[in-house]
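Subject: Structure handover

Hello,

Here is the structure I said I would pass on. Please open it alongside this message.

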Amino acid sequence: MTSSQQLAEARTAEIIADFTSTRQQGVVVDSPPGAGKSTLVVRVAAEIAEVGEPIMVAAQTNAQVDDLTRKIAERLPHLLIGRLTREDYGPPSWVQLPNVQIGSRLDALGDCRVVVGTAAKWSRAKTAGKLPWAIVDEAYQMRSDMLLLIAALFERMLFVGDPGQLDPFSPVDGERWAGLPWDPMQSAVAVLLRNNPD
């Protein structure tokens with residue numbers, strides 16, 4: 001193992017230890033392009049799922065969710081992986097993986113150790129109580145109002161993303177929110193860190 005691989009492994013172990021400790025409800029990992037965001041998300045999801053805990057993953061687009069679902073299912077062929085989606089979802093061909101289950105409601109995916117969906121789909125999910133673990137991939141692409149809609153679903157959240165992303169945008173004039181602590185035209189991570197500096 002090269003020194004750069006050892007350094008990456010050590011950093012990943014630190015992130016997992018920080019996330020799985022009880023010190024914080026949220027952990028932010030800044031990861032520039034090419035730094036292995038997807039690899040980190042898949043590894044953290046796999047490690048938590050392997051010890052018997054359910055973990056939920058949110059990404060911002062269907063393409064991102066499909067990619068993560070495939071990677072997680074390939075890493076955990078012995079576990080059932082759920083793809084939370086809308087009812088009229090047309091799955092890509094790889095969904096024929098035997099351990100991938102598709103459902104439009106969370107209760108239909110109850111046997112899945114890992115469930116992956118868009119943040120928008122998670123914002124409409126019905127849960128009996130808080131779910132223990134969640135990862136938000138491409139977290140700097142998420143609007144802060146979307147975080148408000150999903151944060152109450154989870155006990156702990158890991159935010160992974162590139163801080164160099166452009167802030168979320170909207171064709172609607174956002175002037176009425178400018179300067180507010182939870183401005184939806186700012187990224188979820190920026191607003192989260194401003195309101196929770198620790």
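Below is what was found, starting with the overall fold and ending with the largest pocket.

Please keep in mind that this is a predicted model.

Overall fold
The protein has 198 residues. Of these, 45% count as buried. The protein contains six helices and seven strands. Read from the N terminus, the order of elements is α-β-α-β-α-β-β-β-α-β-α-β-α.

Contacts and surface
Take the contacts between residues at least 6 apart in sequence. Of those, 66% join residues at least 24 apart. The exposed area of the protein is about 10,300 Å². Carbon and sulfur atoms supply 52% of that area.

The largest pocket
How much space lies in the largest pocket? The value is about 490 Å³. Its lining is made up of 21 residues. Nearest the centre of the pocket lie Gln25, Gly26, Phe159, Leu192 and Asn196.

Which elements give two or more residues to this lining? They are two strands and two helices, as follows:
- strand S1, residues 26-30
- helix H5, residues 144-150
- strand S7, residues 154-161
- helix H6, residues 188-195

S7 provides the largest share of the lining, with five residues.

What classes of residue line the largest pocket? Nonpolar residues number 12. Five residues are charged and four are polar.

For a place to begin, find S7 in the viewer, given its largest share of the pocket lining. Then look for the residues nearest the pocket centre, Phe159 and Leu192 among them.

Best wishes

Note on methods
Residues numbered from 1 in each chain as written. Predicted model: local features only at pLDDT ≥ 70, side-chain atom pairs only at ≥ 80, totals over all residues. Heavy atoms only, no water. 1 Å grid on protein atoms, 1.4 Å probe; cavity = no way out; pocket = protein on both sides within 12 Å on 5 of 7 lines; lining within 4 Å. Points joined across faces, edges and corners; volume = space filled by probe spheres on them. Helix = DSSP H or I, 4+ residues; strand = E, 2+ residues; numbered from the N terminus. Nonpolar A, V, L, I, M, F, W, Y, C, P; charged D, E, K, R; others polar. Buried < 20%, exposed > 50% of the residue type's maximum accessible area, 1.4 Å probe, protein only. Contact = heavy atoms within 4.5 Å. Areas by Shrake-Rupley, 256 points an atom, 1.4 Å probe, with all protein chains shown as cover.
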